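Open the model in your viewer and keep the selection tool at hand. We will stop at a handful of places, one after another.

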Amino acid sequence: MTCWGKLGPVTPLIKSLLLLCLSIASMAMLPGCNNRSESEEAAPPATVYRHSMDGAPSSLDPAQASSIYANFLAVNLYDTLYRYKYLARPYELEPNLADGLPEVSADGLIYTMHLKPGVHFIDDPAFPEGRGRAVRAEDFVYSIKRQFDPATRAQGAWLWQGRIVGLDEWKENGSDYQQEVPGLKALDDRTLQIQLVSPFPQLTHTLTQGFSAVVPREAVDHYGQEFAIHPVGSGPYRLQTFNSASAVLVRNSRFRQEPFSLSAEGFDAVSQGHLGLEQLEGKAPPLMDRIEIEFVAEDAARWNSFIAGELDFIKVPVSQFDQVLENRDPPDLNATLAENYHLIANLESGFVHTDFNMDDPRIGYHPDPDRNTRNHALRCAIIEAFDWRKRNEIFYYGIGYVFDGIIPPAAPEFDLQKHHVPVARDLEKARNLLSDHGWNAENLPVIEYGFTSSVTERQMFEQLRSFLGEIGYPQEKVKPLTFATYGDYARAYLNREVMLMTIGWTMDYPDAENTVQLFYGPNASPGSNTANYNNSRFNQLYRESSGMQPSAGRTAIYREMNQIVIDDCATISGVSRRLILLWNRDLAALPDRSFVGGFFFRFVAPRGQSGAAQAAE
Amino acid sequence: MTSDSRIWRQLKKNRAGLAGLLIVAVFFLLAAGVWTGILGQDWSDAGGGRWEPPGKEFWFGTNLLGQDIFQRSIYSVRTAFEVGMVVSIFSTVLGAVLGSLAGWYSDSWIDHAILWLKGVLDSIPFYLFVAAVAYALQGQDWAMHIAMIATFWTTTGRLVRAEVMKIKSREFVLSARAIGLPDLLILSRHVLPNTLHILLIQTTIAFVAAIKTEVILSFLGLGVHDGVSWGLMLAESTQEVLAGHFSNFLAASLMLFALLMGFNLFSDALQDAYDPKQAAI
C-alpha cells in the first residue's frame with residue numbers, strides 16, 4: 001500500500017495491467033522453481049567483484065589499449081607473454097603465457113620464448129564449430145604485426161619501432177601478413193623468436209603491455225570493425241557485456257589451471273599479512289566468477305556509489321581525502337571506514353612535470369649566446385620560485401612525493417639518498433638570478449602556459465602565476481593558453497606551439513629508461529620529448545646506456561643524465577602522486593593501479609577458507 | 001507632458017523597478033571600483049590557506065588555492081558588466097540595423113535574406129550554438145562575445161522589423177519620402193529613433209542574458225580565459241561542495257542572483273513605463 005501511495009493516484013486500468021504483469025511473472029517463475037535440479041539448488045552463489053574506474057575504454061582491441069582503462073580490460077580478456085608478480089614490490093617480471101623468462105643470446109639481440117602448453121582461446125563463432133583453438137606462437141607474431149599495420153590504426157607500435165629486425169620494413173612494404181618478418185618468427189607452435197636491431201633490455205617489459213596481447217586472426221577477420229567490442233582471447237575472463245557505463249566479465253572456464261603460490265608472487269607477511277591473501281595458496285585463478293566494472297568519471301557519483309555499498313573498490317578522489325584519512329603520514333583510514341575497508345596508499349608509477357619548450361627562443365635555446373644564458377637563468381629562476389610544498393599541499397593533499405629531476409620514485413634507479421629531502425623554493429636566489437642577468441618587469445617575456453579547460457588545470461595555472469608574482473613577474477605577463485580538449489592541447493604541444501606545458505607521465509615499465517627517453521634529443525616533438533630538450537652529453541649517455549642491462553653502471557649513467565637536465569633547468573619537476581585505494585574487507589586482494597594493473601583481477605577472491613584448508617577437507 | 005517625463009513618472013511609481021535600479025547601480029559602482037583599480041585587485045593572490053572560513057581577513061573565506069573569495073566575487077562584477085555591456089550594445093545595434101533594413105525593404109531580397117539568416121540562427125538550440133561558436137573560436141579573447149552577439153541580435157531584429165514596417169506607413173515618413181530624402185537618411189533620422197523604446201528594453205534583456213550565458217560558458221570552460229567570473233567560481237565550487245566547503249558557491253550564486261534580479265526588476269519596470277496601456281491607467 002505504501003508503494004501505491006508513493007506512486008500517487010493510480011488509475012484502475014494501470015492497476016489491472018500491473019496485476020496482470022505480476023500474475024504472468026509469477027506463473028513464469030513457478031515451473032522454473034519446480035524443475036530446478038538438486039545440483040542447481042546446491043550450487044553456491046556466483047562470486048562477484050565490483051570494480052570502479054574513473055574513465056572508460058573506447059575499445060577492447062589490444063591494439064588500442066593505450067589508456068589505463070583499456071589496458072586493464074585487455075590483460076584480462078587476452079593473454080600477454082609476461083606480467084608482473086602480484087605481490088612483489090619493487091615489481092618483478094613473471095611469465096604469464098610464456099613458459100619461463102626469455103632465453104637471451106649473448107649479444108642481447110635474440111630472444112627466444114616458449115608458450116605454455118594447452119592454452120586455448122575462448123569458444124567463439126569466429127572459430128570452426130565455435131570451439132576455441134589452441135594459442136600458437138604464430139598468433140603472437142600476427143598480433144605484433146597488427147600493431148604496425150596502418151589498417152589497424154594501432155597505438156602500440158612505438159614500443160617496438162626501430163627495434164625488431166624487418167618489422168618497420170614490413171610496414172613500409174604494405175603490411176602483407178603473408179610476408180615474413182626476419183626478426184619476428186614462430187619457430188614452431190610454441191616457440192617464438194625475436195631478433196633485435198640493437199640491444200633493448202626493456203623488451204620483456206614491453207611484453208607485459210596490453211598492446212602485446214595475443215589475438216586470433218580468425219576473430220579479427222570475422223568481426224572486422226566489431227572486433228573492438230567482441231574480444232576473443234585466452235585471458236582469465238571473457239566479456240559478457242560492455243558499454244560506455246560498464247563492463248561485465250565472467251570467468252573463462254578454459255583458463256589454464258595454475259595454482260597460486262604466495263612465495264612465487266612475492267608475498268610479504270609483514271606488510272601484506274592482514275589482507276587475507278594466505279587463503280589464495282593453492283587455488284587456481286581466476287578466483288571470482290564475475291567482475292563488474294563501472295566506468296564513472298564523476299568523482300561524486302563514484303564516491304557515493306562506493307559508500308552506498310554498490311562497489312567493492314575505488315580510487316579515492318582527492319576531494320575526499322579529508323573525509324577518508326585519519327592521518328596523512330603514513331596515510332591511515334579513519335575508524336568508521338576502517339571497519340569495512342582496506343586502504344593502500346601507492347605512489348603512482350610516474351610523475352607530473354612542467355616542461356619549458358626549449359625550442360621557443362623566448363625561454364629555451366637561443367642562437368645568441370648571451371640571450372641563451374639569460375634564458376637559462378630565467379628558467380632556473382622560475383624553477384626556484386615554484387613552491388612544490390604548496391603545490392603538493394593544494395592539489396595532492398600534501399601526500400605526493402616531491403623530487404627534483406626526471407627519475408621518479410617508482411623507478412628502481414631513483415636516488416633515495418639524494419632526494420629524501422623535499423625540494424624547497426628559494427625566492428631570494430630566484431630574484432637574484434633575474435636581476436643578475438638583466439631581467440626586470442619590463443623586459444621579462446610573456447609566458448604562455450598551456451592547459452585544457454578544466455577547473456584543476458586552471459587552478460594550477462593561477463597558482464603558478466601567483467608563485468611567479470612573488471619574484472616580480474608581472475601578472476599580465478603570465479598568460480593562459482587554453483584548449484577545449486586534451487587532443488587539441490596535445491596537438492599544440494606536439495607542434496611545439498606551447499611555451500610551458502604540464503605533462504603527467506605514467507611509466508610503461510619499471511625502468512628509468514622510460515623516463516630519461518622523454519628528454520632524448522632525437523625524440524623531440526612530435527616524439528615523446530615534448531620539452532624539445534637537446535643536450536649532446538645527455539644524448540651520448542642515452543645511446544651509451546640504451547643497450548645496457550640493469551646494473552650499477554647503468555644506474556650511474558641515468559643519474560648523471562638526471563643531473564644534466566636539472567642543471568639545464570629544462571623542466572619544473574616533479575611530483576609523484578599518491579593514490580589512495582580502498583576496497584572491501586570481504587575480499588582477499590591487493591589492488592594495484594601501477595605495473596600490475598589489471599592483472600590483479602584474476603587474484604581477487606572472496607575472503608573465506610584458505611585453499612589449503614579446502615584441499616584438506 | 002513630454003513622453004520622457006511621463007516615462008520617468010511611471011518608473012518612479014514602480015517601487016520594485018526602483019529597487020532593481022538601485023541594485024544595478026550598486027553593482028555598477030562595484031564594477032567601476034574594479035575598473036579604476038580601487039577594488040578587487042588582489043583577486044588572483046593566493047595568500048591565504050586552503051578553504052579558510054569567512055573571517056576578518058577574508059570576508060567570504062578562501063578557495064582551494066587560498067585566494068580571497070570576496071575579492072574574486074567583486075572582480076567578477078567587472079567581468080559581468082564587461083560582457084553584458086559589450087554583448088548588449090553590439091547585439092542591439094546589429095539587431096537594430098538588420099531589423100530596420102528588413103522592415104524598410106520588407107518583402108524584398110534584403111528582407112528575405114535577413115529573415116533566412118535569422119530563421120537559421122533561431123532554429124539551432126541556443127546554448128548548443130553559443131557553445132559551438134565559442135568552441136570553434138577558442139583561444140580568441142572575444143570568442144564568447146562574438147558567439148553571443150551572433151545569436152542575441154535576432155529577437156531585437158524581429159521586433160525592430162515589425163516596428164519599422166508599422167512606422168514606414170506613417171505620415172511623417174511618407175512626407176520625408178515625398179520630398180525625396182534618401183532611404184538611409186529617413187531610416188536613421190526618422191524611423192530608428194522611434195524604435196528607441198524597443199532598443200532600450202532589448203538592451204537590458206540582452207544584458208541579463210549575456211551575464212547568464214557567460215556564467216554558463218565559463219562554467220563549461222568555454223567562457224572567460226584569463227580572469228575570474230562567477231561561472232568560473234561556480235565551476236570551482238563543484239569540487240569544493242563535495243568536500244563540504246560552500247563559500248565559493250554561495251558567493252558566486254548570490255551575487256549572480258542579486259544582479260540578475262536587479263536587472264529583471266528594472267527591465268520589467270522599463271517595459272511597463274513604455275507600455276501605453278500602463279500610462280492610461
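Two strands are said to pair here if DSSP finds at least two bridges between them. Helices (H or I, at least four residues) and strands (E, at least two) are DSSP runs, numbered from the N terminus.

This is a predicted model, in which local features need pLDDT of at least 70 and side-chain atom pairs count only at pLDDT 80 or more, while totals for chains, interfaces and linings use all residues. Residues are numbered from 1 along each chain as its sequence is written, chains are lettered from A and ligands numbered from 1 in the order in which they are written, and side-chain values use heavy atoms, with hydrogens and water left out.

**Stop 1: colour chain A by confidence**

Start with pLDDT, the predictor's confidence in each residue, from 0 to 100. Chain A has a mean pLDDT of 89, and 91% of its residues reach 70 or more. Now select residues 1–16 of chain A: the pLDDT there is below 50, and the stretch has 4 contacts in the model beyond near neighbours in sequence (contact means heavy atoms within 4.5 Å). Residues 25–40 of chain A also have pLDDT below 50, with 1 contact beyond near neighbours in sequence.

**Stop 2: a hairpin in chain A**

Select residues 103–104 and 110–114 of chain A, which are strands β4 and β5. They pair in the antiparallel sense over 2 bridges, and A:Val104 stands opposite A:Tyr111 in β5(A). Which residue in the turn of this hairpin has a positive phi? Click on A:Gly108, with a phi of about 75 degrees; 5 residues lie between the two strands.

Next, add residues 191–195 of chain A, strand β7. β5(A) and β7(A) run antiparallel and are joined by 5 bridges. To find your place in this pairing, look for A:Ile110, which stands opposite A:Gln195 in β7(A).

**Stop 3: an open sheet with a helix on it**

Stay in chain A and show β11, β21 and β14: these 3 strands form an open sheet in the order β11-β21-β14, with antiparallel pairing. β11 (313–315) and β14 (341–347) of chain A are at the edges; each has a single partner strand, so one side of each has no neighbour in the sheet. On average, neighbouring strands here are turned by 15 degrees against each other, direction ignored. Axes are lines fitted to C-alpha atoms, for helices over the stretch in contact, and angles run from 0 to 180 degrees between N-to-C directions.

β11(A) pairs with strand β21 (residues 578–584) of chain A over 3 bridges, and A:Phe313 stands opposite A:Trp583 in β21(A). Bring in residues 299–307 of chain A: this is helix α10, which packs on the sheet and touches β11, β14 and β21 of chain A. Its direction makes about 150 degrees with that of β11(A).

**Stop 4: a glutamine in chain A**

Select A:Gln272, in helix α9 (residues 269–272) of chain A. Is A:Gln272 buried or exposed? A:Gln272 is buried, because its relative accessible area is 6% (buried means under 20%, exposed over 50%, partly exposed in between, with a 1.4 Å probe and protein chains only). A polar atom of its side chain lies 3.0 Å from the backbone oxygen of A:Leu87. Leaving aside neighbours within four places in sequence, the contacts of A:Gln272 include A:Phe267 and A:Leu590.

**Stop 5: over to chain B**

Hide chain A and look at chain B, with its 12 helices and 0 strands. Its C-alpha atoms fill a box of roughly 75 × 45 × 30 Å along the principal axes. Of the 281 residues in chain B, 47% are buried. Take the contacts in chain B between residues at least 6 apart in sequence: 70% of them join residues at least 24 apart.

**Stop 6: helix α2 of chain B**

Select residues 15–35 of chain B, helix α2. At the N-terminal end, B:Asn14 acts as a cap, with a side-chain oxygen 3.3 Å from the backbone nitrogen of B:Ala16. Just after the helix, B:Gly37 takes a positive phi of about 85 degrees. Among the buried residues of α2(B) are B:Gly20, B:Phe27 and B:Val34. Their cover includes α3 (69–104), α10 (230–242) and α11 (247–274) of chain B.

Finish on B:Arg78, found in helix α3 of chain B. B:Arg78 counts as partly exposed because its relative accessibility is 22%. Its C-alpha atom is 6.4 Å from that of B:Val34, although the two residues are 44 apart along the chain. Not counting residues up to four places away in sequence, B:Arg78 touches B:Ala31, B:Val34 and B:Trp35.

Definitions and conventions. Expected span 1.5 Å × (residues − 1). Polar contact = N/O pair within 3.5 Å; in protein donor to acceptor, adjacent residues only side chain to side chain.
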